Structure formats: structure tokens, C-alpha cells
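Dear colleague,

Please find below the structure that I am handing over to you, with its sequence. My findings follow directly after it.

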Amino acid sequence: MVEEEYGEKTMQDYLAMLKRNKKIMLIVGLSVFLLAVIIAIKWPATYKATATILIEQQEIPQDLVRSTVTSYADQRIQVISQRVMSTANLKKIIEKYGLYQDELQTQPLSKVIDEMREDIHLEMVSADVVDPVSGRPTQATIAFTLSFEHKSPQKAQKVANELVNLYLNENLRRRTEIATEATSFLAIEGKKLSEMISDLEQKIARFKEENETSLPELQQLNMNLMDRTEQQLLETNRQLAAAEDRIVYLQAELAQIDPNMSIYSETGQRIYGSRDRLKSLQAELVGLKARYAANHPDVLKMEKEIKALEQEVGGVDKLEIANQLKSKKAELASLKERYSDSHPDVKKLKKQLASLQKELSKPSRKKIKTGAKPDNPAYIQLQAQLQAAQAERQAMLEVKQKLQKRLEKYEKGLLKTPQVEREYLKLTREHENAVMKFREVKAKQMEADMAQAMEKERKAERFSLIEPPLLPEEPYKPNRPAIIFLGFILAVGLAVAVALLKESLNPSVYGVRGLMTVTGEQPLVVVPYIETAEDVDNSKKFKLRLIAIIVGVIVLLTVIFHIFVMPLDVLWYVVFRKLGIS
């Protein structure tokens, strides 16, 4: 019960512990604090040059000209960052400004490049805006800051300037490239569609030529043409029948007319033609041979004349001789009914028959000309009419054949119309779709051309440098006052921790409470600590050393503040101004 009552330490016990270990606390605390001060002083300064780039919206309204760059600004900035912070670009900057020379001696280039990427900082600047489409509040990136850290303020500024130029140029190049690519792509697609339309138009033209009688758009016209062709065919058949009748009539008329008519002289005597003369002489020759011998002068003379006429007309007309022979036979039969065979007329007729048979049995030396030129005007006129009628019939037959072929063509075309209509609609639908796509592509190409012109004239969204990187006058890091302050806090904490640790490891008993905790009994008499002269001198020396240390620390802090934070004269002026003292 006594241990539980006196086991808990009070604030006086802790203060007594700290008092007993004040020397070691002072040593540890001062050591840590001095180490923090040394670190704050010796830590090399790093300067940071920062530039602010504003993202300006395009000057021309989106409703009039739409940009071909559709990505968001922050996304585009990240893409530009990847392009700018490539190994090739950063290597050029390192070689141009002589950066990281010490690191390049001990580390590979890739490590140095990674270190430089860590020294480059990109931060987005967002603002609350209202979406013009939805009308809702949203966050939008309106600017971004680009900074570079380095030990040299001049190099920090130059490198930051170089990075800003790279970002601005890369953004301009990228936007122009995107606009150019869009324009080129649309131009190529427009050319392809134009060629496709030309091919489809040629296919449609060939299809129309091949199926001119089966096109659905010409169906009514083809039906009208077919009806007209049928009417023409009927009219042609009628005209052909009339021509046939006329030919038959003319042929009958020609059969009744002698093509070689007799000609009479002025005295009224008949002048025979060669053929008629030949027939007459042949008839007379038969009579002469019946009366005279074969060598009779009249017979020989007539035979010569007949021979000459035969050569003129083309030979003996055996048909005429056959007719005469037939007639003579009929006449002989009639005479025999009245007279005997010894009658002079009978004998004469028999001699004529023998002469005709002899003439008929003679071989023809030359084919008889049956197509001799007629000289009968009536015959010639009828013959001309017959030839005209035959020519008209032939023309009508040709017209009829053409009309029949045309009619068959129209009938086949009309039967093929449903199938042709499906193929024709397919071709026209493809053509219409191609034309529609071509118009869309051409419209987009015009928009892309305007967008490209807008990019070239820098009227579209662009990056504007509103705050260039200035020469940093103060280091960005380290924060020396913060380091010193943290060192002081750490020094105090470590001093207290060391004192408490030493007390926990020390087995000695201090004070009445410690003795009561160990023995469990209350002491009868408490003898206070009696200071000797030596203890008093040691206490005075310790106080003097403590005062000197405190004064030194104050002086050191004052010097650090004057050098790294603010000059003392400026601080004095600020303090008096705050107090209102002129």
C-alpha cells in the first residue's frame, strides 16, 4: 500500500531529476543545437526561378470556327511535358549551361537526367468557373507555373527561361501539326471519296447503257415506246400485205404483155425484131424444106439468115420449136382423119415435122438469152412498177424485222425491270451515300482549313507568358530559421530524454519519497543538504558559464538572422514602424 501511494512521481520529482542532470542536459542540448546551426549555415543554398504561363482561350467564338485541337489544357500540358523533358532536350540544356558537372563525373547520364527532372516543377493553376454548356460550376485550368531549382540563381533563371521557350514552341508546333494533320487527312479522304464517286458514276452510266430498256425511271417511257412500236409494226404489216398484192397484180399484168412489141414502118408494114424475125424464118424454113431439097439456094440462104439471127439472139429457141412441133402434130392428126398418107398435104406436113424434129434435136451452141432487153413501153412501165413494188416490199421486210427486234428488246427490258431496279437502287444508294460523305468531308475540310489559318495567326487557344522567370534574390531552400528552430526543439527534447534515461538507469535513491518508496517506511529525521564553500564556487562558475553560453547563442542567432533572414537595421526600421515611432 505504501509503494502504491508513493510510487507515482510528481512534477517536483521530475524537476529534481532535471536539476540533478543539468550538466549532461546542457552538453547534449548545446551539442544538438550547434549541430543544427552548423547544418543551417553549411547547407548550400538552392535558388528557384519560376515562370507563370497563362492559358488564353481562342479569340474567335467556337460557334464560328471550331479548333481541331480537342484535348483539355491540362492533358495537353502533360503531353508537352513528356516531349519537352525528353533525354535529348535535357541533355542539350545540360551541355549548353554546364549543369551538374560534379554529378556527371560520378554518375551516369540517366541518373543526372532523372535528378534534373526532379529539379523541374510544373504546377497547375485552377479556378472555379461556370461551364457555358451545362451551366454548372467546375474546375478549369487557367494557367500553370514552370520552375527550375539550382545552386546558381543565374543558371536557374536561364534554364527556366529555356524551358518556358520549349513549352511555348512545343505547344505552338503541336497545335499547328494537329491542324495540318487534320487538314491533310480530310483532303486525302475527300480525294478518295471523289474517286469513289467517279467510279460509281461510271458504273451507273455503264449500267444505264446496258439496261436502257429496263431502268425503273424509264419504265413508263419504254412502255409508251413499246406501244408505239407495236402500232408501227401493225402499219408495216399492212403496207407489206398491200405491197404483196401489188406485186402479184403487176406480175399477172406482165405475163400478159409481150416485152418485145412489133414496130411498123411509115408504109404500114410491120418491122420485126430479131427474135420475131427468127421465129418467122424458122417457120418459113420448115415450109421450104418441105418443098425443096436441103441444098436448094433458098433453103441455104434462109439457114444462113437463121444462123445469124440465132447468134444475135443467143441461139435457137427450142421452146418455140417444140410449140411448133406440137402444133404441126395436131395439124397432121387432123389431116390424117380426112386424107390418106399419100396425100400431098400429109406428105408435106410430115416433112415439116421431120425438119422440126431435126432442128429440135440439134445441140445448142450457146445458151439462149432469155433476159433480152424489152422494148415494149407498157411492159417496161409495168416492169418498173414491179421492181419498185419489190423494193418497197424488201424495205418493208427490213423495217418489220427491225421493229420486231425492237419490240422484243422492250419486252425483255420490261421483264428485267424488277431485277434491274434492285441493282440500280443499290448503285444509286451507294452513290448518294458517297456524295453525302463527300459533302461532309468537304465541309469539315473547310472548317479544318479555317482552324489551320487560325492556328497560324495565333487566334486559337495559346500559351502566354505573363510572368517570366526572374533572377531569384533569395534562396528557395534551405529554410535556415526553420532548421535552427527545429534544431532547438530537438536539442531540448533530446536533453530531457537523456536526463530521464539516465535517471531510469541510475539505482540511487534521492529524497524522502525515494526512500519511502524503497523501504516502505517514513524516515524519522530528514537532514537537509549542507552546501560547502566549494559547492557555492562551483555553482557560481556554472551560472557564469551558462550566462556566457546563452549570450554566445544569442549573438550567434543574431548573426544568423542578420545574414540569412533580415539585416538588423532593416529589422530595427520595421520594428519602429510597427510601433508607430518615426
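I begin with D119, which touches Y100, S147, F148 and E149, leaving aside residues up to four places away in sequence. Please note that this is a predicted model.

D119 is found in helix α7. With a relative accessibility of 15%, D119 counts as buried, because the limit for a buried residue is under 20% relative accessible area. Its side chain is joined to that of Y100 by a polar contact of 2.5 Å.

The partner, Y100, lies in the loop between α5 and α6 (101-106). Y100 also counts as buried, at 6% relative accessibility. Its backbone deserves a remark: phi of Y100 is near 55 degrees, a positive value in a residue other than glycine. Most residues other than glycine have a negative phi.

I turn next to the nonpolar cores. In soluble globular proteins, nonpolar side chains tend to be buried together. The largest nonpolar core in this model has 29 residues, and the members that touch the most others are I93, L99, M116, I120, F148, V159 and L163. At least two residues of this core are supplied by each of β1 (47-56), α4, α5 (87-97), α7 (109-119), β3 (137-150) and α8. Helix α8 gives the largest share, six residues.

L99 may serve as an example from this core. Not counting residues up to four places away in sequence, L99 touches I93, I94, L104, M116, F148, H150, K155 and V159. Another core, of 10 residues, lies apart from the largest one, and V32, V37, A40 and I483 are among its members.

The last point concerns two helices. How do α4 and α8 cross? The axes of α4 (residues 73-84) and α8 (residues 153-210) come within 10 Å and cross at roughly 115 degrees; the crossing is right-handed. On the α4 side, the residues in contact are R76, I77, I80, S81, R83 and V84, and they meet L163, L166, Y167, E170, N171, R173, R174 and R175 in α8. The residues of this contact divide into six nonpolar, two polar and six charged. L163 thus appears in two places in this account: in the contact with α4, and among the residues of the largest core that touch the most other members.

When you open the model, I would suggest looking at D119 and Y100 together, as their side chains share the polar contact of 2.5 Å.

With kind regards

Definitions and conventions
Residues are numbered from 1 along each chain as its sequence is written. This is a predicted model: local features need pLDDT of at least 70, side-chain atom pairs count only at pLDDT 80 or more; totals for chains, interfaces and linings use all residues. Side-chain values use heavy atoms; hydrogens and water are left out. Axes are lines fitted to C-alpha atoms, for helices over the stretch in contact, and angles run from 0 to 180 degrees between N-to-C directions. Helices (H or I, at least four residues) and strands (E, at least two) are DSSP runs, numbered from the N terminus. A crossing is left-handed if the near helix is turned anticlockwise from the far one by less than a right angle, and right-handed if clockwise. Contact means heavy atoms within 4.5 Å. Ala, Val, Leu, Ile, Met, Phe, Trp, Tyr, Cys and Pro count as nonpolar, Asp, Glu, Lys and Arg as charged, and the others, Gly among them, as polar. A nonpolar core is a set of buried Ala, Val, Leu, Ile, Met, Phe, Trp, Tyr and Cys residues joined through side-chain atoms within 4.5 Å. Buried means under 20% relative accessible area, exposed over 50%, partly exposed in between (1.4 Å probe, protein chains only). A polar contact is a pair of N or O atoms within 3.5 Å; within protein, one must be able to donate a hydrogen and the other to accept it, and residues adjacent in sequence count only if both atoms are side-chain atoms.
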